[in-house]
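Reader: I'd like to learn how to read a few features of this model with you. Can we go through them one by one?

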Amino acid sequence: MIALTAAQVAALVGGTLTLPDGVAAEDVVVTSVVTDSREVTPGALFVAIAGEHVDGHDHAAGAVAAGASLVLTERSLASSDSAPDTAPDGEPLPSVQVADSVRALGELARGVLARLRERPEGAPRVLAMTGSVGKTTTKDLLAQVFAADGPTVAPVRSFNNEVGLPVTVLRCTEETRTLVLEMGADAPGNIDYLTAIAPPDVAAVLVVGSAHLAGMGGIDGVAHEKAAIVRGLRPGGTAVLNADDPRVAVMAQQASGAVLTFGRSAGADVRATDVTAGGARASFTLHHGGRTAPVTLRLVGEHHVTNALAAAATAIAAGLSLDVVARRLSQADAASPHRMAVTELADGVTLVDDSYNANPDSMRAALKALVAIGAGRRTVAVLGEMLELGEVALTEHDALGRLAVRLDVSRLLVVGRGARAMYTGALLEGSFGEEAAFAEDVEEARAWLRREVLPGDVVLVKSSNGAGLYRLADALVAEGSVRGSRDGSAAGAASADGAPHADQRAGQQVDA
C-alpha cells in the first residue's frame, strides 16, 4: 500500500479524525489495511465492520495494541478509563469515524487507485473478470502470467466482494505494474459498485450460469449483472467475452470500445483446437491473429481450457504476445486451495478437493473431471448442497444425482438434507444397491468413507462453501488417509469450525 497520513485517510473517506492528545495527524501513517484484527501489523489501518458473526468494533482496542496506526469505525471511540475502545492509558483510539465502514473502505481504495493512475511514471493496468464459474482459477493464471513483467497484485483466495476487492486494490504500491481483480455478485448492483472503485482497463466475462439465481431473479438477471463489468470499463478499455456462451457473446453490444472474444468456436478471436485431456490435464493449440502456439495445462480438468482461454485473451488484450502467453500458461500451477486440488493419500486413495464452492455448472465439470481422472479405477463422488439456487434448487440437485449415474460414477455419497435431491435423483435414474448413499452431516460422511473407500479409489469432494465439505477435505489431507484410524479423531477435525473471529466478509466469495 502507498503510505497515507491519518489526515489523508480522513480526507479520502470523508470521515472525522480523532487522535489522542498531543498526536499530530501527519505523524500517524498507515501502510496497510486489514479487516481481521489478527492480521494487524505495525502501521495498519484496521477497518471495523459489523460482520455477520462478529462486530469488528469489539476488536478495535486489540488491533491498536497490536500495532494498528488507525481504526476506521462507524461509531465514536470515546475516551474513558472504563471504555473498551480506549488505549490502556484511557486515551481515545486513533480513528476515523464514518457512516459506513464498508463504503468508506471502497472510497479509500477508489481514491488510492486514482492517485496511482495519475502518476507519470506509469499506472498499473487493471485486469478484471466476472462469471458464474472460473474467476478464481482465471485470476490465478493471470497473476502468474504477468508476474514476470513486474510486481503484480491479485486477490488472496477469492477476495471478490465489497470488502475483499478494495482490500486487494489497497495492496498496490508505486511499483505495481498489474492489478488483477475478481468481481463477484450475489445481488443486482454489486458489479456496478466494484467497477466504480476500480474501473478495469480489460474486463473479461467468463460464463453466465446458474449461480445466485435467488438473488438475481433468474438467469437473465445474472446475465445483466455480469454485463455491468463491460459497462464499467475505463474509456478505451477492452471487453473480453466468451464466444461459446450466447449470453456472454451478446454483451459485445454494450461495449463502448474494443471487444476480443475467446472460446472453441471457429469465430472466436482467441480459440483452442486439438483439445485433449490425457490424465485429466488438458493440452490444446492456442490461436490468435493467424498464429498458433501449443499449451499444456498443469491444472486438473478439461473445463480449465475455458479459464485458460479467458486468461490468454485478457493477457493478449493487455499487450502480451501469443507465444509468451502460451509459454506462461503452460508453466502456471493451481494457486488457490480447494480448487480441483489433487492429493495422493498414504492409503492409495486419490483425493480431488474441489470444495471451495459449487453451482450446477461447476458440479457438472467436476463430475466429468472425476471420471477422467479415475479412468480404469473406482470413482467416488462426495457431494453437498449448492446454495442460493432459489426455486430451481430441487431440480438442479436432482439433475446432478442423475448425471452421476449417467457418467457411471462408481459410488455417490450425498451429504446434508439440502442436497438430498441428488440422492433421490440418482435412485430414480437407476442407481441401486449401495451405489448411492446419503449422510446427514460431515461426521457421518467421514464414517461412511472410512468403511467404504478402497485403496486405488478416486474421491471427489465438492459443495458450496457454506455446506462445509471443505472441512471434510481438510481432515482427509491432514490425516493423510481416507480409511485412516477409527478413533474418531478425523471426524472431530472435520467438524471443527475454523471461521475466524474477525472475518468481516473480506474472504467470502460471493459468486461460485
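Reader: Which strands does helix α12 lie across, and how does α12 run relative to β22?

Author: Helices (H or I, at least four residues) and strands (E, at least two) are DSSP runs, numbered from the N terminus. Contact means heavy atoms within 4.5 Å, and axes are lines fitted to C-alpha atoms, for helices over the stretch in contact, with angles from 0 to 180 degrees between N-to-C directions. Here α12 (residues 360–373) lies across β18, β19 (379–383) and β22, at about 170 degrees to β22. Helix α15 (residues 442–452) lies across β19, β20 (411–415), β21 and β22, and runs at about 165 degrees to β20.

Reader: Before we go on, what sort of model is this?

Author: It's a predicted model: local features need pLDDT of at least 70, side-chain atom pairs count only at pLDDT 80 or more, and totals for chains, interfaces and linings use all residues. Residues are numbered from 1 along each chain as its sequence is written, and side-chain values use heavy atoms, with hydrogens and water left out.

Reader: Okay, what is the strand order in the open sheet?

Author: Strands of a sheet pair through backbone hydrogen bonds, either parallel or antiparallel. Two strands count as paired if DSSP finds at least two bridges between them. The open sheet has six strands in the order β17-β18-β22-β19-β20-β21, with mixed pairing. Its edges are β17 (341–344) and β21 (436–439), each pairing on one side only. Neighbouring strands are turned by 15 degrees against each other on average, direction ignored.

Reader: Are β18 and β22 parallel or antiparallel?

Author: Parallel: β18 (residues 350–353) and β22 (residues 458–462) pair over four bridges. Asp353 stands opposite Val461 in β22.

Reader: Now the pocket. How much space lies in the second largest one, and which residues lie nearest its centre?

Author: Rolling a probe the size of a water molecule over the atoms shows where empty space is left. On a 1 Å grid over the protein atoms alone, with a 1.4 Å probe, a pocket is an open set of points with protein on both sides within 12 Å along at least five of seven lines; lining residues have an atom within 4 Å of a point. Points are joined across faces, edges and corners, and volume is the space filled by probe spheres set on them. The second largest pocket holds about 680 Å³. Its lining has 32 residues, with Val133, His303, Asp361, Ser362 and Ala365 nearest the centre. Helix α12 gives the most to that lining, seven residues.
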